[in-house]
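The exercises below concern ring pairs, charges over rings, one polar side chain and salt bridges. Try each task with the sequence and the structure at hand before reading its solution.

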Amino acid sequence: MKISHKNGKGNKIHLFIDGEYQITTNADFYAENYFYENSEISEEEWQELVEKINYSKAVNKCFDLLSRRSHSVKELRDKLLKFFDSQTADKAVNQMIEYGYLNDEEYAKELFDYLLNTKKLSKRFIVLEMNKRGISSEIYDNLLASADIDNVGTAFDIITSKYLNKLSAEGGRQKVISAMVRKGFSYSDVCAALERLDYEDF
């Protein structure tokens, strides 16, 4: 087999085998893995080169995604699997862990603070969000144990900031209760928040 290349847009380099297009890489990769034009390459050498190209792309994809926001290991891997095979995705994810750019414990702390203090979610919904992102129960259990979560107080804050005007409407109280339950608050916690509201001057 003979390998050749053509320059593409920007720094893209298109690779060909026996004149047929195969894969695209970039100028940096090509410079690091230079080959003579139309030189012979074995099937094994070609597969190794393709694996290196895909791994390089996966690492670059990791950097791009992590530059936008933090990710859990599961989140990052799931996104890579849309473009790469599992072996390449795992290898790139492990590289990010080694670099220190990927840490589920640190990510969980940031996420926990955001869900609790900014989104004001209930304990139940916080656990659901942690599970969805692949955070281990050991990590989020420790966070929950160290935090003073007041579901009644959080429910009270949400009701007074978002639903206060709806309470006076016909059937409003029940609608507010239903809305809060959908947010993950227990019926008893919502009722306790509403009872507290009855004693506040609003």
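The structure holds 8 aromatic pairs, where rings of Phe, Tyr and Trp (its six-membered ring) pair if their centres lie within 6.5 Å, and planes under 30 degrees apart count as stacked, over 60 as edge-to-face and the rest as tilted. This is a predicted model, in which local features need pLDDT of at least 70 and side-chain atom pairs count only at pLDDT 80 or more, while totals for chains, interfaces and linings use all residues. Residues are numbered from 1 along each chain as its sequence is written, and side-chain values use heavy atoms, with hydrogens and water left out.

**Exercise 1.** Classify the pair formed by the rings of tyrosine 30 and tyrosine 34, and state whether each residue is buried or exposed.

Solution.
- Step 1: the ring centres of tyrosine 30 and tyrosine 34 are 5.7 Å apart and the planes stand at 65°, so the pair is edge-to-face.
- Step 2: for burial, the cut-offs are under 20% relative accessible area for buried, over 50% for exposed, and partly exposed in between (1.4 Å probe, protein chains only).
- Step 3: tyrosine 30 has a relative accessible area of 13% and is buried, whereas tyrosine 34, at 52%, is exposed.
- Step 4: ring pairs also link Tyr30, Tyr34, Phe35 and Tyr36 into a cluster.

**Exercise 2.** Which parts does the pair of phenylalanine 63 and tyrosine 101 tie together?

Solution.
- Step 1: the rings of phenylalanine 63 and tyrosine 101 are 5.9 Å apart, centre to centre, with 70° between the planes, an edge-to-face pair.
- Step 2: helices are DSSP runs (H or I, at least four residues), numbered from the N terminus.
- Step 3: phenylalanine 63 lies in helix H2 (residues 43-68) and tyrosine 101 in the loop between helix H4 (86-99) and helix H5 (104-118), so the pair ties together parts that are 38 residues apart in sequence.
- Step 4: phenylalanine 63 is partly exposed, at 35% relative accessible area.

**Exercise 3.** Find the residue that lies over the face of tyrosine 55 and the one over the face of phenylalanine 156.

Solution.
- Step 1: a charge sits over a ring if NZ of Lys or CZ of Arg is within 6 Å of the ring centre and within 35 degrees of the ring normal.
- Step 2: lysine 91 takes this position over tyrosine 55, at 4.5 Å from the ring centre.
- Step 3: arginine 196 does so over phenylalanine 156, at 3.9 Å.

**Exercise 4.** Describe the surroundings of asparagine 151.

Solution.
- Step 1: asparagine 151 is in helix H8 (residues 151-163) and is buried, with 18% relative accessible area.
- Step 2: leaving aside residues up to four places away in sequence, asparagine 151 touches Ser122, Lys123, Phe185 and Asp189, contact being heavy atoms within 4.5 Å.
- Step 3: a polar atom of the asparagine 151 side chain lies 3.4 Å from the backbone nitrogen of lysine 123.

**Exercise 5.** How many salt bridges are there, and where does the one between aspartate 90 and arginine 77 lie?

Solution.
- Step 1: a salt bridge is a side-chain nitrogen of Lys or Arg within 4 Å of a carboxyl oxygen of Asp or Glu, and the count is 8.
- Step 2: the side chains of aspartate 90 and arginine 77 meet at 2.4 Å, N to O.
- Step 3: aspartate 90 lies in helix H4 and arginine 77 in helix H3 (residues 73-80), so this salt bridge ties together parts that are 13 residues apart in sequence.

Definitions and conventions:
Helices (H or I, at least four residues) and strands (E, at least two) are DSSP runs, numbered from the N terminus. A polar contact is a pair of N or O atoms within 3.5 Å; within protein, one must be able to donate a hydrogen and the other to accept it, and residues adjacent in sequence count only if both atoms are side-chain atoms.
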